[in-house]
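I opened this entry to record what I looked up, step by step. The topics are the fold, the sheet, the helices and a few single residues.

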Amino acid sequence: MSEKYSILYLDDEEQNLLSFQALFRRDYHVFTTTSAQEAVNILNNNNIHIIFSDQKMPEVSGVE
């Protein structure tokens with residue numbers, strides 16, 4: 001059995017995260033968060049293959 005790719009999705013809108021996770025959880029290992037700091041923690045503790053990030057968030061931009 002092949003390993004699933006891991007995706008991190010950072011967005012300040014919780015509903016977007018829930019929808020994304022519901023759609024992709026069967027095929028990928030999905031991590032979601034509304035916090036940039038938590039996203040950094042996830043990156044430091046997991047092998048993440050793909051990152052999706054909202055560009056306009058209250059505290060930090062998706063690029064940062």
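**Entry 1. A cross-strand pair.** I began with Tyr 9. Its opposite number in β3 is Phe 52. The model I am reading is predicted.

I then looked at Ser 53, which belongs to strand β3. Its C-alpha lies 5.7 Å from that of Tyr 9, with the two positions 44 residues apart in sequence. Is Ser 53 buried or exposed? Neither label fits: Ser 53 has 22% relative accessibility, so it counts as partly exposed. The cut-off for buried is under 20%.

**Entry 2. Overall layout.** I stepped back to the whole chain. I found two helices and three strands. Read from the N terminus, the order is β-α-β-α-β.

I checked burial next. Of the 64 residues in the chain, 27% are buried. The accessible surface is about 4800 Å². Carbon and sulfur atoms hold 48% of that surface.

I also looked up the contacts by sequence separation. Among contacts with a separation of 6 or more, 49% join residues 24 or more positions apart.

**Entry 3. The sheet.** In what order do the three strands lie in the sheet? I read the order as β2-β1-β3, in an open sheet with parallel pairing. β2 and β3 (50–53) are at the edges and have a single partner strand each, so each has one side without a neighbour in the sheet. On average, neighbouring strands are turned by 15 degrees against each other, with direction ignored.

I went through the pairings of β1. Strand β1 covers residues 6–10 and is joined to β3 by four bridges, running parallel. One bridge partner pair there is Leu 8 with Ile 51 of β3. On the β2 side, five bridges join β1 and β2, again parallel. Ser 6 has His 29 as its bridge partner in β2. I then traced the chain from β1 through α1 to β2, and this β-α-β crossover is right-handed.

**Entry 4. The helices on the sheet.** I looked at α1, residues 14–24. It lies across β1, β2 and β3 and runs at about 175 degrees to β2. Helix α2, residues 36–45, packs on the sheet as well. It touches β1, β2 and β3, and its direction makes about 165 degrees with that of β1.

**Entry 5. Cover on β1.** How many of the residues of β1 are buried? I count five of five, as recorded for this strand. Both faces are covered. On one side Ser 6, Leu 8 and Leu 10 are buried. On the other side, Ile 7 and Tyr 9 are buried.

**Entry 6. Ser 6 and the residue before it.** I stayed with Ser 6, in strand β1. Its relative accessibility is 8%, so it counts as buried. I looked for polar partners of the side chain. A polar atom of the Ser 6 side chain is 3.4 Å from the backbone oxygen of Asn 47. Beyond four places in sequence, Ser 6 touches His 29, Phe 31, Asn 47, Ile 48, His 49 and Ile 50.

One position back, I checked Tyr 5. It sits in the segment before β1. Leaving out residues up to four places away, Tyr 5 touches Tyr 28, His 29 and His 49. Tyr 5 and Tyr 28 are 23 residues apart along the chain, and their C-alpha atoms are separated by 5.3 Å.

**Entry 7. Thr 33.** My last stop was Thr 33, in strand β2, residues 29–33. Why does it count as buried? Its relative accessibility is 3%, and the cut-off is under 20%.

I looked for polar partners here too. The Thr 33 side chain makes a polar contact with the side chain of Glu 38 at 2.9 Å. A polar atom of the Thr 33 side chain also lies 3.0 Å from the backbone nitrogen of Ser 35.

I closed with the contacts of Thr 33, setting aside neighbours within four places in sequence. They are Leu 8, Tyr 9, Leu 10, Asp 11, Leu 17, Glu 38, Ala 39 and Ile 42. Of these, Leu 8 is the residue I had already met as the bridge partner of Ile 51. Glu 38 is the polar partner noted above.

Key: Residues are numbered from 1 along each chain as its sequence is written. This is a predicted model: local features need pLDDT of at least 70, side-chain atom pairs count only at pLDDT 80 or more; totals for chains, interfaces and linings use all residues. Side-chain values use heavy atoms; hydrogens and water are left out. Buried means under 20% relative accessible area, exposed over 50%, partly exposed in between (1.4 Å probe, protein chains only). Contact means heavy atoms within 4.5 Å. Accessible areas come from the Shrake-Rupley method with a 1.4 Å probe; for residues, only the protein chains shown count as cover. A polar contact is a pair of N or O atoms within 3.5 Å; within protein, one must be able to donate a hydrogen and the other to accept it, and residues adjacent in sequence count only if both atoms are side-chain atoms. Two strands pair if DSSP finds at least two bridges between them. Axes are lines fitted to C-alpha atoms, for helices over the stretch in contact, and angles run from 0 to 180 degrees between N-to-C directions. A crossover is right-handed if, with the strands pointing away from the viewer, the path from the first strand over the helix to the second runs clockwise.
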